[in-house]
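This report describes one protein chain, beginning with its aromatic side chains and going on to its strands and sheets. The sequence and the coordinates are shown first.

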Amino acid sequence: MSKPVVHIIAIQEKYLVQITKQMKDVLEQYVSLRFTPIKELQKNLVQPEDVIVLSHHMLKGIVSQMIPAECHCFVAKRDINFANTKKLVNLPSGQKILVINDNKTNIDETVTSLRETIFEHKYYPYNPDEPIPEDINFIVTPGEIDILPEGLIEVINIGSRVLSIETFFEIVEVLGIQYNPIQLGKRYMKSLVSLSLECKEEVKDQRFNRRKDIRNVASYTFQDIIAISETMQRAVQLAKEFAGTSLPIYLNGEHGTGKSMLAQAIHHYSFQANAPFISVNCDSKSTDMLEKELFGSEEGQMVTMGAFEIAKNGTVYLEDLDELHSPIQKKLLQAITDGEFLRIGGTKPIPFQARLISCSSKELKKYNDEGGIHSFYEFVTSQSLRVPSLRERREDILPLIEEIKRRLKKTEIEFTSDVVERLLEYDWPGNVIELYNTITYLAFLDAQKIEIELLPIGMRREEKRFQSFGRPPKEVIEKIEAHGFLEESVEILKIFAHGKRERTSYGRQTLKKLLEDKGMELSEQQLRMRMEVLQELDLLIVRQGRAGSTISRNGEEFLKFMKNAYS
């Protein structure tokens, strides 16, 4: 009798990888598990008798349109990973702890979990629109280290939150599975240890190692690619030129730039368009496993076809080429040269007819120098194309957002002008994938118009841009307040910022009069000291004589930070 099927659906692949591991640790004996990012969910993928577990309630709307109405569908509950709380548990009772996460809902849920279990302390939810309280002893965050302000008191990282044990009990009860509660509890504890921060040192990456399209079909064409910017237009044009040849194509670009989508578009535009497209990820696989996946194997009467054999005269797309082991490089180069290869354990040559497209987010020269086969890298990169990052193609951001809204069937969602400005200014380190995840998150909030406070916390703050010149905001503010009131120095910067916009610089006498007009009385000595401190902090450019003084670029960034932090 086959096992019941449980589908896990999430927005972010990074989180999906984590719950994949946890689900396998606890339930693999009882159920057959399927894991799908929301962007890859398709109709007819889920059967009426299957169970659906969603990572977030926001997904209900779009998922309900893609699954049979009879499916039991519920939202997974999340909890802190208690295997990471040793430092927190061992603190003296009564500590005042600020809890920081990536959005208000997750902050509140984390605070509730901590208050229910490690109840000896007082927990305060972080509000990015308010100053951090001065009497806080520690800061706790569930893995969101990247969004923390600089210059803070001691931070305790308790790692990413995990599925709660209630979620596992709900799954087995819905499916009517006979289980031992004590055994399930023990397996749950094992999963927490497996996902703990200490064990993660042994985990190389948190991305999927699977074929992305089980039907071996390329889903995207060049018509699906948004290319308003010149940089992306050039990349698309070069890709089309490469598609018309039979030579290998190598795509290089940061994680999340859309290399897979471009590879599928190239396949559709090539002579191989009607043949299979097979994607193989080379990352975190042993040599034997990867060789079998690519070339197939024969073990007695058991014959397994590899990707190159299945593809025939189609396309094989190798992701993370930098992870391809030297023995596989050698065998693949030999297969290309000879036009044939052998399965593992086989004796009959198999024709090598596939078109090879590969990609990496790393610099291949390094791997070539560290033991890679030079002739292999030279051959597979003979036609190289760099896929631009999202920050290099900002003209594409708004069209991409509209396309994402269309795919999510959420075209009615609107953004305020402040939100649009922030989306255009943000550096998008995760590129198009991060943009997709962000818009998906925003689209399923209960709001018709997205205000700035609804953005993920890491995107709301100007603080990181302000830190780029090397001084944490807290340090700058403390330095200013040591020599006077913060409001006075901020007003001085505002006056100089207005002057800069009007292409005017001011001397001290003019500045003194402008401050008096705003109700601020400062003596000559006080004003000189304020300006000297601002100059020392690189917020002000002080010039002698008639040239006058003006605000620096860092001063402008500081004003933006203050507006965001204290408005």
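In this predicted model, a search of the whole structure finds twelve aromatic pairs. One of them is formed by Phe376 and Tyr377, whose rings meet edge-to-face, with 5.5 Å from centre to centre and 65° between the planes. Phe376 and Tyr377 are both buried. Elsewhere, Phe295, Phe308, Phe341 and Phe352 are linked by ring pairs into a cluster. One member of this cluster, Phe295, also has a charged neighbour, since Lys331 is placed over the face of its ring; Lys240 takes up a corresponding position over Phe222. The two cases are set out below.

| Charged residue | Ring beneath | Distance from the ring centre |
|---|---|---|
| Lys240 | Phe222 | 5.5 Å |
| Lys331 | Phe295 | 4.6 Å |

For the chain as a whole, 23 helices and 23 strands are assigned, and 49% of the 567 residues are buried. The accessible surface comes to about 28,100 Å², and carbon and sulfur atoms account for 50% of that area. Among contacts between residues at least 6 apart in sequence, 72% join residues that are at least 24 apart.

Leu98 offers a local view of such contacts. The residue belongs to strand E6, which covers residues 96-99, and three bridges join E6 to E8 in a parallel arrangement. Within E8, Ile139 is the bridge partner of Leu98. Leaving aside residues up to four places away in sequence, Leu98 touches Tyr124, Pro125, Tyr126, Ile132, Ile136, Phe138, Ile139 and Val140. Leu98 and Val140 are separated by 42 residues in sequence, yet their C-alpha atoms are 6.2 Å apart in space.

Why does Leu98 count as buried? Its relative accessible area is 3%, and because the cut-off for a buried residue is under 20%, Leu98 falls in that class.

Strand E8, residues 138-141, is covered on both faces, with Phe138 and Val140 buried on one side and Ile139 and Thr141 buried on the other. This arrangement can be read against a general pattern: in a regular strand the side chains alternate between the two faces of the sheet. E8 is also joined by three bridges to strand E9 (residues 155-157), and these two strands run parallel. The bridge partner of Val140 in E9 is Ile156, whereas Ile139 is the partner of Leu98 in E6.

Another part of the chain holds an open sheet of five strands, ordered E12-E15-E18-E11-E19 and paired in parallel. Its edges are strand E12 (277-281) and strand E19 (384-386), each of which pairs on one side only. On average, neighbouring strands of this sheet are turned by 20° against each other, with direction ignored. Inside the sheet, strand E15 (residues 315-319) and strand E18 (residues 355-360) run parallel and are joined by four bridges, and Leu318 stands opposite Ser358 in E18.

Which helix lies across strands E11, E12, E15, E18 and E19? Helix H8, made up of residues 259-269, does so, and runs at about 155° to E11, the strand that spans 249-252.

Terms used. Residues are numbered from 1 along each chain as its sequence is written. This is a predicted model: local features need pLDDT of at least 70, side-chain atom pairs count only at pLDDT 80 or more; totals for chains, interfaces and linings use all residues. Side-chain values use heavy atoms; hydrogens and water are left out. Rings of Phe, Tyr and Trp (its six-membered ring) pair if their centres lie within 6.5 Å; planes under 30 degrees apart count as stacked, over 60 as edge-to-face and the rest as tilted. Buried means under 20% relative accessible area, exposed over 50%, partly exposed in between (1.4 Å probe, protein chains only). A charge sits over a ring if NZ of Lys or CZ of Arg is within 6 Å of the ring centre and within 35 degrees of the ring normal. Contact means heavy atoms within 4.5 Å. Accessible areas come from the Shrake-Rupley method with a 1.4 Å probe; for residues, only the protein chains shown count as cover. Two strands pair if DSSP finds at least two bridges between them. Axes are lines fitted to C-alpha atoms, for helices over the stretch in contact, and angles run from 0 to 180 degrees between N-to-C directions.
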